[in-house]
Amino acid sequence: MTDMSDLFDAARRAAECSYSPYSHFRVGAALLCKDGTVFTGTNVENRSYGLTNCAERSAIFTAISAGKKEFQAIAIFTPDSEQAVAPCGACRQVLSEFAREDFPVVFAGKKEKVETTLGELYPFDSLQNLKEGT
Ligand code: THU
């Protein structure tokens, strides 16, 4: 069974695969599916900077590409920062396509860990309102 500490280990390993020669800032993400499987992702940068893909979206797109659509939690690890670094706005929006407000989002740097929910990070989301018919 995958617990949060296993999920963090997976995020840690994913960060080691980071392709980040421009920012030198590695990020690893691990997405736990409802069926217990785990998909990881890392940030992939490009010399045309705007084409960079974040770790979180890499993990989500990999899981979706493998046929998964139901998720339990995501863990994000940034080994190059002391502080925990929250997912960017684009990743929050992409996550909100597949997760509800109570979805656990846990992110950590070397010295800080934050445990929160998608609803805290991305309140007043349009799709949640649409799903709830409000
Ligand atoms: N990055 C992520 O992978 N996830 C985030 O939520 C924040 C930023 C990456 C993008 C870029 O490769 C590097 O971190 C520095 O911004």
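# A walk through the structure, starting at phenylalanine 107

Let us begin with phenylalanine 107, which, apart from its neighbours within four places in sequence, is in contact with Phe8, Ile76, Ala84, Val85, Ala86, Pro87, Glu112, Lys113, Val114, Thr116 and Leu121. Contact here means heavy atoms within 4.5 Å. Before going on, note that this is a predicted model, in which local features need pLDDT of at least 70 and side-chain atom pairs count only at pLDDT 80 or more, while totals for chains, interfaces and linings use all residues. Residues are numbered from 1 along each chain as its sequence is written, and side-chain values use heavy atoms, with hydrogens and water left out.

Where does phenylalanine 107 lie? Its place is strand β4; helices (H or I, at least four residues) and strands (E, at least two) are DSSP runs, numbered from the N terminus. Phenylalanine 107 counts as buried because its relative accessibility is 6%. The cut-offs are these: buried means under 20% relative accessible area, exposed means over 50%, and partly exposed is in between (1.4 Å probe, protein chains only).

Strand β4 has a partner. Residues 104-108 of β4 and residues 113-117 of β5 pair in the antiparallel sense over 5 bridges, where two strands pair if DSSP finds at least two bridges between them. One of these links is easy to look up: valine 106 has glutamate 115 in β5 as its bridge partner. The connection from β4 to β5 is a hairpin through 4 residues. In β5 you will also find threonine 116, which counts as buried because its relative accessibility is 18%. Leaving out neighbours within four places in sequence, threonine 116 is in contact with Phe103, Pro104, Val105, Phe107 and Leu121. When you look at strands like these, keep in mind that in a regular strand the side chains alternate between the two faces of the sheet.

From phenylalanine 107 we can step across to valine 85, which sits in the loop between β3 and α3. Is valine 85 buried, partly exposed or exposed? Valine 85 counts as partly exposed, because its relative accessibility is 31%. Beyond its neighbours within four places in sequence, valine 85 is in contact with Phe25, Thr78 and Phe107.

Now turn to another pair of strands. β1 and β2 run antiparallel and are joined by 5 bridges; among the residues involved, glycine 28 has threonine 42 in β2 as its bridge partner. The hairpin of β1 and β2 has 4 residues between the strands, and in this hairpin glycine 36 takes a positive phi near 95°.

Follow the chain beyond β2 (38-42) and you enter the loop that leads to α2 (55-65), where asparagine 53 is found. The side chain of asparagine 53 makes a polar contact of 3.0 Å with the side chain of serine 58. A polar contact is a pair of N or O atoms within 3.5 Å; within protein, one must be able to donate a hydrogen and the other to accept it, and residues adjacent in sequence count only if both atoms are side-chain atoms.

Helix α2 comes next. Its buried residues are Ala55, Glu56, Arg57, Ser58, Ala59, Ile60 and Ala63, and they pack against β1 (28-33), β2, β3 (71-77) and α3 (89-96). Just after α2, glycine 67 takes a positive phi of about 95°.

Two residues of α2 bring us to the ligand. A backbone N or O atom of alanine 55 lies 2.9 Å from an oxygen atom of the ligand, and an N or O atom in the side chain of glutamate 56 is 2.8 Å from a ligand oxygen atom. Glutamate 45 also takes part, with a side-chain N or O atom 2.5 Å from an oxygen atom of the ligand. How much of the ligand's accessible area does the protein cover? On its own the ligand has 370 Å², and the protein covers 78% of that; accessible areas come from the Shrake-Rupley method with a 1.4 Å probe, and for residues only the protein chains shown count as cover.

Finally, visit two loops. Histidine 24 is in the loop between α1 (4-15) and β1, and counts as exposed because its relative accessibility is 58%. Phenylalanine 124 is in the loop between α4 (118-121) and α5 (126-132), and is exposed, with a relative accessible area of 80%. Phi is near 55° in histidine 24, a positive value in a residue other than glycine, and phenylalanine 124 likewise has a positive phi near 55°.
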